[in-house]
Amino acid sequence: MVLAKSKKSVGLGNTLMNDRFGKGKGSDRKRVSAVTRIDHATGKEYITNDKQDAAWVKMRSITEQGALDEFLATAELAGTDFTAEKMNNVKIIHTDQRNPYLLSAKEEQAVLGKQRANKGRLTVPRRPQWDSTTTRDELDQRERESFLEWRRGLAELQETQDLLMTPFERNLEVWRQLWRVIERSDVIVQIVDARNPLMFRSEDLEVYVKDVDPKKHNLLLINKADLMTYKQRKMWANYLKGEGIDYRFFSAQLAKEMIEAGGYADSDEDSEAESDAGEGPSKQEEIPKADEKEEEEEEAKEEEITEQNDPDTHILRVDELEDILLQYQPEGQDRKLQVGLVGYPNVGKSSTINALIGAKKVSVSSTPGKTKHFQTIHLSDNVLLCDCPGLVFPNFANTKAELVCNGVLPIDQLREYTGPAALVARRIPQPFLEAVYGIKIKTRPLEEGGTGVPTADELLDAYARHRGYMTQGLGQPDQSRAVRYILKDYVNGKLLYCEPPPGCGVDGPEFNAELYDMAHLPENRRVAMLSALDGADIDDTATLTSEMTALALPQGQKSKKLDKAFFKSGGNGGHIQQAFHQKYSQQGQAQNMVKHMSGRKLRALIAAEQGVNVKEVQMEMGGKKHFKGGMGLKGGKGKRRAGRSGNNDDDE
């Protein structure tokens, strides 16, 4: 039953009027005072009605405004009105192969030039001077004022120079933890990631340490050095020595594995493990083939000896690192050496401490910023460790995608994922991605506008389809879920890429060429690749190619079962039909006419074409009863027809 229309209800037009002008159905619009506006295009003044907002809208707190909202609000306060203009000279540029969240080579060079010019303005906040006469409230006020001036300087740098910076720490309490660590420590150890040391290093922090006390020392500890090859460590060592930076290579993960295996008993075994770690973790279990030549064995031994005897690229053991730290002990003091550990989140500060003390004393997490407070740990009778919370120092960054790939921004809180995914696809070669995940990435051919490098959509679609990650409803590949697995593999080192040092004359692909061979694949994928390429003469040091990955793509049990069910023999045959356009042709019409005729009509047609008597035409094909013979197996009608005599003249 249809209800009667209520007299109190209003239509859509009145509702829109109420929404815009408030209650009264637009009557208030006529009674409001007029305001004068200026057209920015012509400069003429015109009169319009004032904007009416509800009381709760006027009292609404606004702490943040977008660029457009802020612009319009400022224009309204200035009494200026803006209208949209139609542009006829619109040019459409197809940028589907270029990710808008990444920079081109030319844009990247321009940004690097700006960063070098403003490098000296990247500072860390200083603690104001204080003495015994300074009260707590006075010191708190000075720290707040100093911190505010520091933030204003960085904001001015971003606005005037149009530079992207890391999302540096904006909490004053965290910086206070750093100030306490610097003031009480004898040596400040900056722990950085070996894959991009300069990204995680703060030069101004080293200057600030010397400003606090010239007797304090700085040490750059390059963690995760086992992810780099010997040649990569050598190039970085030459650069750091040329810049006068005190550095050491270390690997918390390798030290942890050696502690669990009890690997400090024999120094020879330790040195062999270190040399193997420089070429990747998977080489530690490498078994030399019996058919290797003696010359290759001698060359390999010479390289191992060179790596072991090179102090510049040596990966320190835990006892060696402790001995180096004791060298910074202040003279004439009987107290313990206090070592401050500072660095970005997720660079391995807590893992380094656990490796130093030989047991898990500090909680470790893959999420950036696990350590929240400053804490002290007694390493031995001579060394006291001071662990500072993870600090994101102000630094320049080209894109936000680099911050995600470097582990600075949490992956689980990621919103825009095409930029980081495209950066991974650009850095990691396509054959290595296909070999690691056992997928086939379908890229756009070069003749159709492709670049030869997989895009973010092509990589994520291939991974999501292979893993079965589909969205609900439409059933499309779930790219947002797939990108989190790929980015976590990149941050954890499964997909390995190391930045080359500046001015080395080597680009990224050439610098990382040794990282994309068979030896750096996961153990299960390496075994599958070698078994699939059993007939070919390929060793672990061979560089992966697209042809090799295409031959080694595995087929699981589920795929085999589906193929067997689909292509099994003895199945029903397909229906063969003529093409759609064939029935409109002369030949097609003749075939259709012959096809639908049978019995007396067909014999009459054939007799007329051949000029013979109808009785003389002998039909080789059977009648309808032969066509419907199978249908009569279950019904009585077919049986009765089957019992008739085979006279084809009575079919029609």
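## Lys210 and helix 8

Lys210 counts as partly exposed, because its relative accessibility is 36%, a value between the 20% limit for buried and the 50% limit for exposed. The structure discussed here is a predicted model. Lys210 is found in helix 8, which spans residues 203-212.

Leaving aside neighbours within four places in sequence, Lys210 is in contact with Lys216, His217 and Asn218. A further relation links Lys210 to Ile182: the two residues are 28 residues apart along the chain, and their C-alpha atoms are separated by 9.9 Å.

## Helix 7 against helix 8

Ile182 also takes part in the contact between helix 7 and helix 8. Helix 7 comprises residues 172-184, and its axis comes within 10 Å of that of helix 8, with a crossing angle of roughly 55 degrees. Helix 7 is therefore oblique to helix 8, since 55 degrees lies outside the ranges for roughly parallel, roughly antiparallel and roughly perpendicular. The crossing of these two helices is right-handed.

On the side of helix 7, the contact is made by Leu178, Trp179 and Ile182, while helix 8 supplies Leu205, Tyr208, Val209 and Val212. By class, this contact has seven nonpolar residues, with no polar and no charged ones.

## Strand 5, the following loop and helix 9

Strand 5 (217-223) is joined to helix 9 (230-242) by a loop that holds Lys224. The phi angle of Lys224 is near 60 degrees, a positive value in a residue other than glycine. Thr229 lies in the same loop, between strand 5 and helix 9. With a relative accessible area of 2%, Thr229 is buried, because buried means under 20%. The C-alpha atoms of Thr229 and Glu514 are separated by 7.7 Å, although these residues are 285 residues apart along the chain.

Is Leu240 of helix 9 buried or exposed? Leu240 counts as buried, because its relative accessibility is 0%. Not counting residues up to four places away in sequence, Leu240 touches Leu220, Ile222, Ile245 and Tyr247. For one of these partners, Leu220, the C-alpha atom is separated from that of Leu240 by 9.8 Å, at 20 residues apart along the chain.

## Helix 10 against helix 14

Helix 10 (residues 252-260) packs with helix 14 (residues 349-357) at an angle of about 30 degrees, and the two axes are 9 Å apart. Helix 10 is therefore roughly parallel to helix 14, the limit for that description being 35 degrees. The crossing of helix 10 and helix 14 is left-handed.

Which residues make the contact of helix 10 with helix 14? Helix 10 contributes Ala252, Ala255 and Ile259, and helix 14 contributes Ser351, Thr352 and Ala355. These residues divide into four nonpolar, two polar and no charged.

## The buried side of helix 13

Helix 13 spans residues 318-326, and its buried residues are Val318, Leu321, Ile324 and Leu325. They lie on the same side of helix 13, because they cover an arc of only 120 degrees around the axis. As a general background, an α-helix has 3.6 residues a turn, so residues three or four places apart point the same way.

## Helix 16 against helix 19

Helix 16 (residues 418-427) and helix 19 (residues 479-492) have axes 10 Å apart and pack at an angle of about 50 degrees. That angle makes helix 16 oblique to helix 19. Their crossing is left-handed.

In this pair, Pro420, Ala421, Val424 and Arg427 of helix 16 meet Val483, Ile486, Leu487 and Tyr490 of helix 19. The contact has seven nonpolar residues, no polar residues and one charged residue. The charged member is Arg427 of helix 16, because Arg belongs to the charged class.

## The chain as a whole

The chain has 27 helices and ten strands. Of its 652 residues, 36% count as buried. Among contacts in the chain between residues at least 6 apart in sequence, 66% join residues at least 24 apart.

Key:
Residues are numbered from 1 along each chain as its sequence is written. This is a predicted model: local features need pLDDT of at least 70, side-chain atom pairs count only at pLDDT 80 or more; totals for chains, interfaces and linings use all residues. Side-chain values use heavy atoms; hydrogens and water are left out. Axes are lines fitted to C-alpha atoms, for helices over the stretch in contact, and angles run from 0 to 180 degrees between N-to-C directions. Helices (H or I, at least four residues) and strands (E, at least two) are DSSP runs, numbered from the N terminus. Angles under 35 degrees count as roughly parallel, over 145 as roughly antiparallel, 65 to 115 as roughly perpendicular and the rest as oblique. A crossing is left-handed if the near helix is turned anticlockwise from the far one by less than a right angle, and right-handed if clockwise. Contact means heavy atoms within 4.5 Å. Buried means under 20% relative accessible area, exposed over 50%, partly exposed in between (1.4 Å probe, protein chains only). The arc is that of the directions from the helix axis to the C-beta atoms.
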